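I opened my notebook to look up a few residues, one entry at a time. For each I wanted its place, its exposure and its surroundings.

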Amino acid sequence: MTHPFLDLAPLSAARFAAIEDRVARLLGTEQDVVIMQGEALLPLEGAIRGTAGPGTTALNVITGPYGQTFGNWLRDCGASVIDLAVPFHTAVTADQIREAFAEHPEIDFVSLVHAEAATGNTNPVAEIGEAVRAHGALFYLDAVASIGAEPVLPDAWGVDLCVIGAQKAMGGPAGVSAVSVSERAWARMAANPAAPRRSYLSLLDWKERWFDGGRKTLLHAPAQLEMLALEACVERIEGDGLDAVMSRHRAAALSTRAGAVALGGGLEPYVYEAGEAAPVATTLRTPPGVNASSVVAKALSEGSALPLAAGGGSLAEEMIRVNHYGPDARQDLVESCLVALGTALAEFGVAVDPEGARRAVSAGWAQDR
Ligand SMILES: *Cc1c(COP(=O)(O)O)cnc(C)c1O
């Protein structure tokens, strides 16, 4: 018996290359785009291990949990790491980056997360990119949570290594990911004796055996299910229009924020400034004395599949995440999330206004569209 997921012909090198080109168009980049067969952590780690070594001085910006991970990889590679951590309720500024350069002129690598799905903030990459370019450092960007939700423009912003995954705002598969690599980044890797070679983490393998050979022969059997899903998801974005997809995410963020404030009871946007809040997901701070994990558990206890979660680790007590991305960037879902949170908060004795929240969601959705 044939099965839609099974008995697939191997994906050809030409088809693989065509999907890479499509992803490159989505990023508006002329750089090489490497598609890697693994969740985004694979290119995120591979790009650091390929470019950083004992001679590297890295400015590692921490605006959420992933920055911590990047710092650990950088240190593991032997790089000197300068951590620049900002509170999770805000974004880093280009001035803070410039100050770090002034204090440590030896910085030759900058790692940054664009949008943070886990903490709900987003960083001004265009301005930061200008500062990084002026200083001449290599610029590494995790755009997994921003691609599809807000503009990601590696060429215009001077990003040397831009990593994306399809599983968030693109509404695609989690098992393949991509990284755009600038000429400068390729040169840095080629000169790095510790860069992974003949390894699943190796970007250089793709350079030498795939790109330099005119993309004729794949390095290993392609993950055809994931590649077909990636192709379908980019096709869907092209069909809807990238601007329309981003606009849906922006509307979801604006209306969640407005709806939460209108719901009242002390529920507040976790990120203070609306301009620093990520379109991919909205984080909310629970009223004092009300445990966020318990509120989320109650809101989901009706067996609902709402995209709600408590913050990770130490944030679990005070942070609620509304993950309005991909297929969940919808007005009715935002409304359902806030109504469910309102019902849960009411059970904890908090006075809320679900009708006000509904009205604010409608108004917020219409704004800016
Ligand atoms: C989701 C996400 C990733 C991918 O990692 P997972 O935890 O496996 O989903 C990487 N970086 C950022 C900023 C993300 O939001």
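**Entry 1: K168.** I began with exposure, keeping in mind that this is a predicted model. Is K168 buried or exposed? Its relative accessible area is 14%. Buried means under 20%, so K168 counts as buried. Next I looked up where K168 sits. I found K168 in a loop, with β6 (161-165) on one side and β7 (177-181) on the other. Then I listed its contacts, skipping neighbours within four places in sequence. K168 touches A117, V144 and A145, and also V280, Y325 and G326. I checked the record too. An unreviewed UniProt entry puts "modified residue: N6-(pyridoxal phosphate)lysine" at K168.

**Entry 2: T57.** Which strand holds T57? I read off β2, which covers residues 57-62. I then looked up its exposure. T57 has 11% relative accessibility, so I noted it as buried. What does T57 contact beyond four places in sequence? I wrote down S80 and I82, then E106, I107, D108 and F109.

**Entry 3: L225.** I turned to the surface. Which residues make up the nonpolar patch with L225? I noted F5 and L6 as its partners there. The patch they form with L225 has an area of about 310 Å². I placed L225 in helix α9, residues 224-240. Its relative accessibility is 44%. That value lies between the 20% and 50% cut-offs, so L225 is partly exposed.

**Recap.** I have K168 down as buried, T57 as buried and L225 as partly exposed.

Notes: Residues are numbered from 1 along each chain as its sequence is written. This is a predicted model: local features need pLDDT of at least 70, side-chain atom pairs count only at pLDDT 80 or more; totals for chains, interfaces and linings use all residues. Side-chain values use heavy atoms; hydrogens and water are left out. UniProt positions are given in the numbering used here, feature names are shortened, and annotations may be inferred rather than shown by experiment. Helices (H or I, at least four residues) and strands (E, at least two) are DSSP runs, numbered from the N terminus. Buried means under 20% relative accessible area, exposed over 50%, partly exposed in between (1.4 Å probe, protein chains only). Contact means heavy atoms within 4.5 Å. Patches are made of residues with over 30% relative accessible area and no salt bridge: like charges are joined within 9 Å, nonpolar side chains (Val, Leu, Ile, Met, Phe, Trp, Tyr) within 5 Å. Accessible areas come from the Shrake-Rupley method with a 1.4 Å probe; for residues, only the protein chains shown count as cover. A salt bridge is a side-chain nitrogen of Lys or Arg within 4 Å of a carboxyl oxygen of Asp or Glu.
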